[in-house]
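Colleague: I would like to know how each label in this model is earned. Please show the structure, and then I will ask.

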Amino acid sequence: MARAADATVSLLDIAQLTGEVKQLADSKIEAIRTITGRLRILALNAMIESARAGEEGRGFAVVAEEVKGVSGAVEEVAGSLEQELSGRIGELEAMTQSMSERARGERLVDLALNAIEIIDRNLYERTCDVRWWATDAAVVDCAANPSKTAAAYAGERLSVILGAYTVYLDIWLCSMDGRVIASGRSGRYPAVGADVSREPWFERAARLASGDDYACADIARNKLLNDALVATYAASIREGGKAKGRPLGVLAIHFDWGPQAQTVVDNVRFSGEDRARSRALLVDARGLVLASSGGTGVLSEVIDLGGRGQTSGYGERTAGEIIAFHRTPGYETYRGLGWYGVIIQKSP
């Protein structure tokens, strides 16, 4: 009774109680059948004795026949009860299983959403950073007059920024023709002087309509950054640092994707027993793995979401394995890139 009154009863509790009820019903029906069997034996014995007694035992024969009829009726009721209870309990077990699977699926979708939301908020900050730093006076002055002195001072300024923002590998100041003029870590990475004009992020940033806009590229390994996985965001540097000023260059920030994304997928809130049989991932719009809690498949494995085009969903991936996903909802002015949070979990 205490369990039934508890507002926090789980589906597991209901399933366990259903099993207990089934066992109890089976036990009681079996007891009824045992009793009716004994009644039939008593009735048979009474009829045998009445036959031996002749005329004087005729009354016992009537009683014995009645007992036999009652035991038959009880047996019929027991059989009907067993059939009806079995059907109803089977329906209850099926409903409980369905509710359990639905709750599990929705829980995994929520975890997938949480993972992609954390990334969205993180990358939203990157879009703010690059647009803000593109208006820095040292950056604007260097883009307008890229002398060695101006480049050195801009590099120092970018180095100070990197010291405070440890999620970045480097920041590059690029001319409009795609040459890296200055960087915040020129002593670590050989970026200064490199031609990045064909990089997708540069091509997009060079065409931006104003300083209020930004460009980004797919997660990729950057050779100039020791082949590290990066998420690059870029903004145009404008004359006077004004949003509508004449374009002077491009500022690119390289977010250290590998460890940052790994932290997100490794810290999805699985329960202790679920963690060992679950895998959390971030995938792009094509299903390409961008991060994985197992650390495997990054930029090489493609996950088939099945319901692609849907905002979210879950279903069986293989026998004994469920997949749940949620597409990026975006955050503030960051619309997202069509990425998904994904959870793959094996059945217990």
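Modeller: Start with one pair of residues. R327 stands opposite Y340, which belongs to β11. Keep in mind that the model is predicted.

Colleague: What makes β10 and β11 a pair of strands?

Modeller: Two strands pair if at least two bridges join them. Strand β10 (residues 321-327) and strand β11 (residues 340-346) share seven bridges. Seven passes that cut-off, so they count as paired. The sense of this pairing is antiparallel. H326 is also placed opposite a residue of β11, namely G341.

Colleague: How do you know that β9 pairs with β10 too?

Modeller: Apply the same test. Six bridges join β9 to β10, so the minimum of two is met. These strands run antiparallel. One bridge links T318 to its partner E321 in β10. The hairpin of β9 and β10 has two residues between the strands. There, G320 takes a positive phi near 80°.

Colleague: What makes β8 and β9 edge strands?

Modeller: Look at the whole sheet. Five strands form an open sheet, in the order β8-β7-β11-β10-β9, with antiparallel pairing. β8 (289-292) and β9 (312-318) each pair on one side only, which makes them the edges. From one strand to the next, the twist averages 25°.

Colleague: Which helix packs on this sheet, and what does it touch?

Modeller: Helix α7 (residues 257-266) does, and it touches β7 (278-283) and β8. The directions of α7 and β8 make an angle of about 60°.

Colleague: Why is β10 called largely enclosed?

Modeller: Count its buried residues. A residue is buried when its relative accessible area is under 20%. Six of the seven residues of β10 are buried, so the rest of the structure largely encloses this strand.

Colleague: Let us turn to a helix. How do you know that α5 has about the expected span?

Modeller: Set one value against the other. Helix α5 (residues 148-164) has 17 residues and reaches 25 Å from first C-alpha to last. The expected figure is 24 Å, at 1.5 Å a residue, and the span is close to that.

Colleague: Which residues of α5 are buried, and why do we say they line one face?

Modeller: The buried ones are A150, A151, A154, G155, L158, I161 and L162. Viewed down the axis of α5, these residues fall within an arc of 135°, so they line one face of the helix. The general rule helps here. An α-helix has 3.6 residues a turn, so residues three or four places apart point the same way. On the other side of α5 sit exposed residues, including T149, Y153 and E156.

Colleague: Why is N226 called exposed, while D212 is called partly exposed?

Modeller: Exposed means over 50%. N226 has 58% relative accessibility, so it counts as exposed. D212 has 48%, so it falls in the band between 20% and 50% and counts as partly exposed.

Colleague: Where is D212, and which residues does it touch?

Modeller: D212 lies in the loop between α6 (200-206) and β3 (215-216). Leaving out residues up to four places away in sequence, D212 touches R131 and A243.

Colleague: What makes the phi of N226 worth a remark?

Modeller: Most residues other than glycine have a negative phi. N226 has a positive phi, near 60°. This residue lies in the loop between β4 (220-222) and β5 (228-238). L299 also has a positive phi, near 60°. The place of L299 is the loop between β8 and β9. At 28% relative accessible area, L299 is partly exposed.

Colleague: Why are C142 and C216 both called buried?

Modeller: C142 has a relative accessible area of 0%, and C216 has 11%. Each value is under 20%, so each cysteine counts as buried.

Colleague: How many disulfides does the structure hold, and what is the test?

Modeller: Zero. A disulfide needs two cysteine sulfur atoms within 2.5 Å, so the count means that no pair passes this test.

Colleague: And what does the whole protein contain?

Modeller: Eight helices and 11 strands. Of its 348 residues, 40% count as buried.

Note on methods
Residues numbered from 1 in each chain as written. Predicted model: local features only at pLDDT ≥ 70, side-chain atom pairs only at ≥ 80, totals over all residues. Heavy atoms only, no water. Helix = DSSP H or I, 4+ residues; strand = E, 2+ residues; numbered from the N terminus. Expected span 1.5 Å × (residues − 1). Buried < 20%, exposed > 50% of the residue type's maximum accessible area, 1.4 Å probe, protein only. Arc of directions from axis to C-beta. Axes fitted to C-alpha atoms, helices over the stretch in contact; angles between N-to-C directions. Contact = heavy atoms within 4.5 Å.
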